[in-house]
Every structure is written in C-alpha cells, then in structure tokens.
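Q: I would like to learn how to read the features of a folded chain. Could you take me through a case, one feature at a time?

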Amino acid sequence: MSSIQSSLKFQNLEEKTGRYQKLICILDTLDPAALYKALAELRGDKGNGTDNRALFRCQMAFMVFGVKKITEGRRLLDESKILREIVGIGAWGKIPSKDSFHRFMKRLGKKPCQEALGEMFAKLALELKEILPGFGEHLAGDSTKLHSYARGRKVSVDCDASWKKQKKIGKDAQGNIVQSFEKWFGYKAHFLVDARYELPVGFVTTTAKHNDNAIFPELWEKTKKEQPWILTDTKYVGLDMGYDDGKIHEQLAIADEIIPIIKMRDLVRDQNKDIDLSASPVCENNLPLTFDGYERKRKQIRYTKPKACVGVTCPLYQSCAIGVKRVSIKVDPRKLTPFPRNTHKFKRLNNKRVSVERVNSRLKDHYNLNGMRRYGLKQTNVMVNLSLLSMNAFALFIAKKGHIQEVRKIYTALAA
C-alpha cells in the first residue's frame with residue numbers, strides 16, 4: 001500500500017473515530033428519562049422500553065453522522081459493529097426495521113414527546129447558563145430555511161409546508177442597487193442564540209410563508225417561559241433589518257427593558273424613507289449634542305453640550321442653558337433606540353449578530369439540520385429539536401471538562 005493510500009485510510013479512520021467519540025459524549029450528557037416515559041405511555045406500556053432507548057440513540061447517531069435516509073442509517077448500523085454497541089443494539093443484535101424507525105418518528109411528533117424533547121433542550125440551555133460565564137448576556141436572532149421532502153408540485157403531499165418567495169436587495173461592485181429573488185417550499189427554523197458562545201437558547205419552527213418579524217414575539221415569549229433568567233441577565237438582543245418593527249422594539253425596550261440592536265430598513269423609494277430620530281439633536285447654534293449614555297430606569301437617552309463648541313467662539317455659548325438633555329425612547333421606540341445607531345457602540349454590538357449565521361451553518365453542516373427531510377410541521381420540529389440537542393449536549397460536555405473557550409468546536413479532540 002502506498003504512503004498516500006495509507007494516509008487517506010488513517011484520515012478516514014480518524015474521522016470515524018471522532019464521530020464515535022462525539023456521539024458517546026452527546027448520549028452521556030442527555031437525560032431522556034422523561035422522553036422514555038412519554039413513549040411508554042403512548043404505547044400503553046406494551047412495547048419494550050429497550051426498543052425506545054435503542055431507537056432514540058440510533059436517531060441521535062443519525063444526526064451526528066449526517067444520515068439523510070433511514071435506509072442509509074440502517075446500512076451504517078449494519079456495517080459498524082462499534083456503532084451498534086454504542087446505540088445499545090449489541091454487536092450481534094437485530095437492527096430495527098425501516099417501519100420501526102418511521103413509527104418511532106411519528107411517536108416523537110406527538111405532543112407528550114414534543115414537550116419532553118423541549119424540556120430536554122431547555123434543561124441543557126439552563127445548565128450551559130450555570131457553567132459558562134456571561135452566557136445569555138447578548139442574544140442574537142434569525143431564521144433559516146428548511147426544505148420539505150416534497151417538491152411542492154402537489155401541496156397535498158405535504159399539507160403543512162408552504163412556498164416562500166423572498167426578495168433580496170443589495171449593491172453590486174459599482175454601487176448600483178440589485179434585486180434578486182429566492183424561492184423554496186418547506187419550513188423555517190427561528191433561533192435565539194448566545195452571541196458570545198454561539199449556542200442556541202430558544203427556537204420556534206414554522207412554515208416558510210411566515211415573516212421573521214411576525215414570528216419573533218412568539219419566539220421571544222416562548223424563550224422567556226423556558227428560560228426566565230433572560231429578563232434579569234440579558235442586556236442586548238441583536239436582529240437584522242427584517243425585524244425592524246415598532247412592536248418588537250416596544251416588546252424588548254419598553255416591556256422587558258432589554259436593549260434591541262436592530263438597524264433601520266434602508267428603503268429604496270425616497271418617499272418611503274423614514275427620518276432617523278436617533279440622530280443627535282442639535283443646539284441653538286445647530287451643533288449636534290454629545291451622546292452621554294442611556295438611563296435604563298428612566299428609559300431616556302441622555303445628551304450633553306456639543307463637543308464642537310469647546311474652544312469655539314459661539315455667540316450663544318455664554319447664554320447656553322444646555323446642561324443635560326434627556327429624550328424618552330417612549331416617544332418612538334423604533335427610531336429612538338437606547339444606543340443611537342450612529343454611535344460606535346451600536347455598530348460594535350450589531351457586528352455580533354452574525355453569530356447566529358454561524359450557528360445556522362454548523363447546525364446544517366455538522367448536526368444534520370438540513371439532512372433528514374420530513375413531511376409535516378411536527379416531524380420538522382422534531383428534527384430541529386434533535387439537531388439543537390446534539391449541539392448543546394456536546395457543548396455542555398466540553399464545558400464540564402473545563403474547556404469553556406472551546407464550546408463552539410465541532411470536533412472531539414478536546415472531549416477525548
């Protein structure tokens with residue numbers, strides 16, 4: 001055997017071994033007792049509890065190994081004695097049939113199992129909060145598209161899915177405005193993630209037709225219910241311009257006293273452009289006042305004398321009565337943000353919003369979020385939940401090992 005072939009064989013073996021280790025870490029971290037109880041109740045305690053345990057562990061293995069079809073997963077189990085041992089089938093045990101996997105997934109879509117999976121996810125997020133310093137201080141939100149297994153030609157094949165045609169406006173190299181359209185049939189997963197550690201905190205699954213700003217209130221209320229510490233520990237929530245809505249600003253800044261970091265929509269037509277009230281007010285000499293911070297208790301933005309007037313001869317300087325000028329954000333929460341959009345701090349905080357994009361990418365590429373496509377909203381929600389459980393469980397395992405700065409990693413060298 002040549003050196004190149006030996007090297008490739010070693011790399012493949014190392015990759016497989018890493019995935020096995022990753023799966024073991026995830027399964028050791030999860031506590032599916034409530035899920036097993038719900039599954040047993042659905043079957044009237046007639047089924048074998050060992051079957052539920054093995055099927056669930058097989059499903060988590062499919063998430064880690066990126067299996068797209070049940071037949072592919074059964075083939076993987078058939079070829080790997082080690083994997084059969086890990087999931088609890090046994091080296092010479094019988095692999096569950098294709099129908100058994102499909103029936104198991106349908107049971108996971110039932111309400112008791114959905115609630116048990118949701119509780120598992122909420123518990124993992126709470127444990128991460130207890131271990132990771134500053135977890136949840138800055139959250140970021142966004143959605144990602146999930147294709148249905150149906151093609152959309154016959155809506156009756158997947159009654160829950162819907163079409164979405166999304167318009168995107170950008171600029172080319174010459175600075176000209178360019179419009180493009182993206183169309184897909186399926187669903188959306190809406191996430192709230194921690195911007196520092198890039199780990200999910202809350203999620204909602206919907207059909208594709210729903211706009212992000214319309215779903216965010218539901219996502220926010222659901223996450224608050226599952227993670228009550230958000231109201232006391234979260235300071236900022238970063239969202240893209242698609243969430244630029246007055247109701248969202250009121251919900252965050254006024255009701256929950258959390259600072260929204262949302263850029264205003266850059267509308268194309270001049271007659272639709274909004275006046276950005278967050279720009280600094282001016283003095284009698286038409287000089288911009290100096291931003292001096294945000295008073296959370298009063299919900300007011302504080303300004304002081306213009307910096308430009310220092311050392312400048314101003315006919316109004318002696319009679320200037322400006323000491324501290326306060327502007328309440330309640331006048332217009334959407335335009336009067338706690339940190340004006342023209343400040344460096346707003347730009348710095350807004351740059352952290354891209355963390356949710358990286359989470360979406362890792363979920364799809366390494367936790368099979370976009371791999372095993374299903375029919376129906378319930379099945380899609382199950383797949384989203386399992387993908388998030390895999391990511392957070394592995395991160396929690398690494399955090400418990402003391403590698404706090406490495407919880408975003410997708411490899412298993414740290415957990416070995």
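A: Let us begin with strand pairing, bearing in mind that this is a predicted model. Strand S5 (residues 236-239) and strand S6 pair in the parallel sense, over 4 bridges. Within this pairing, glycine 238 has isoleucine 261 in S6 as its bridge partner.

Q: How does the chain cross from S5 to S6, and what is the handedness of the crossover?

A: The path leads from S5 through helix H10 (residues 246-255) to S6, a β-α-β crossover that is right-handed.

Q: Which residues of strand S6 point one way and which the other way, and are they buried or exposed?

A: In strand S6 (residues 259-262), Ile259 and Ile261 point one way while Pro260 and Ile262 point the other way, and all of them are buried.

Q: Which strands run antiparallel to S3, and how many bridges join them?

A: Strand S1 (residues 138-147) is joined to S3 by 9 bridges, and the two run antiparallel; in this pairing lysine 145 stands opposite lysine 188 of S3. S3 is also joined to S4 by 8 bridges, again in the antiparallel sense, with histidine 190 and valine 204 in S4 as bridge partners. S3 and S4 form a hairpin with 4 residues between them, and glutamate 198 is in the turn.

Q: What should I look for in the phi angles of such loops?

A: Most residues other than glycine have a negative phi, so a positive value invites a second look. Glutamate 198, in the loop between strand S3 (177-194) and strand S4 (199-207), has a positive phi of about 55 degrees although it is not a glycine. Lysine 299, placed in the loop between strand S7 (290-295) and strand S8 (300-304), has a positive phi near 55 degrees and is likewise a residue other than glycine.

Q: Are glutamate 198 and lysine 299 buried or exposed?

A: The cut-off needed here is that buried means under 20% relative accessible area. Glutamate 198 has a relative accessible area of 2%, so it is buried; lysine 299 is at 9% relative accessibility and therefore counts as buried as well.

Q: How do cysteine 25 and cysteine 159 read on that scale, buried or exposed?

A: Cysteine 25 has a relative accessible area of 5% and so is buried, whereas cysteine 159, at 61% relative accessibility, counts as exposed because the cut-off for exposed is over 50%. As for disulfides, a search of the whole structure finds 0.

Q: What separates the C-alpha atoms of phenylalanine 56 and leucine 386?

A: Separation along the chain and separation in space are two readings. Phenylalanine 56 and leucine 386 are 330 residues apart along the chain, while their C-alpha atoms are separated by 9.9 Å. Phenylalanine 56 is found in helix H3 (residues 49-65), and at 1% relative accessibility it counts as buried.

Q: How many cavities does a search of the whole structure find, and what lines the second largest cavity?

A: Rolling a probe the size of a water molecule over the atoms shows where empty space is left. Here the search finds 2 cavities of 30 Å³ or more, and about 40 Å³ of space lies in the second largest cavity. Its lining has 7 nonpolar, no polar and 3 charged residues; among them are Leu199, Tyr367, Phe394, Arg362, Arg408 and Lys409. Helix H13 (residues 377-400) supplies the largest share of that lining, with 3 residues.

Methods. Residues are numbered from 1 along each chain as its sequence is written. This is a predicted model: local features need pLDDT of at least 70, side-chain atom pairs count only at pLDDT 80 or more; totals for chains, interfaces and linings use all residues. Side-chain values use heavy atoms; hydrogens and water are left out. Buried means under 20% relative accessible area, exposed over 50%, partly exposed in between (1.4 Å probe, protein chains only). Two strands pair if DSSP finds at least two bridges between them. A crossover is right-handed if, with the strands pointing away from the viewer, the path from the first strand over the helix to the second runs clockwise. On a 1 Å grid over the protein atoms alone, a cavity is a set of points where a 1.4 Å probe fits but cannot get out, and a pocket is an open set with protein on both sides within 12 Å along at least five of seven lines; lining residues have an atom within 4 Å of a point. Grid points are joined across faces, edges and corners, and a volume is the space filled by probe spheres set on the points. Ala, Val, Leu, Ile, Met, Phe, Trp, Tyr, Cys and Pro count as nonpolar, Asp, Glu, Lys and Arg as charged, and the others, Gly among them, as polar. A disulfide is a pair of cysteine sulfur atoms within 2.5 Å.
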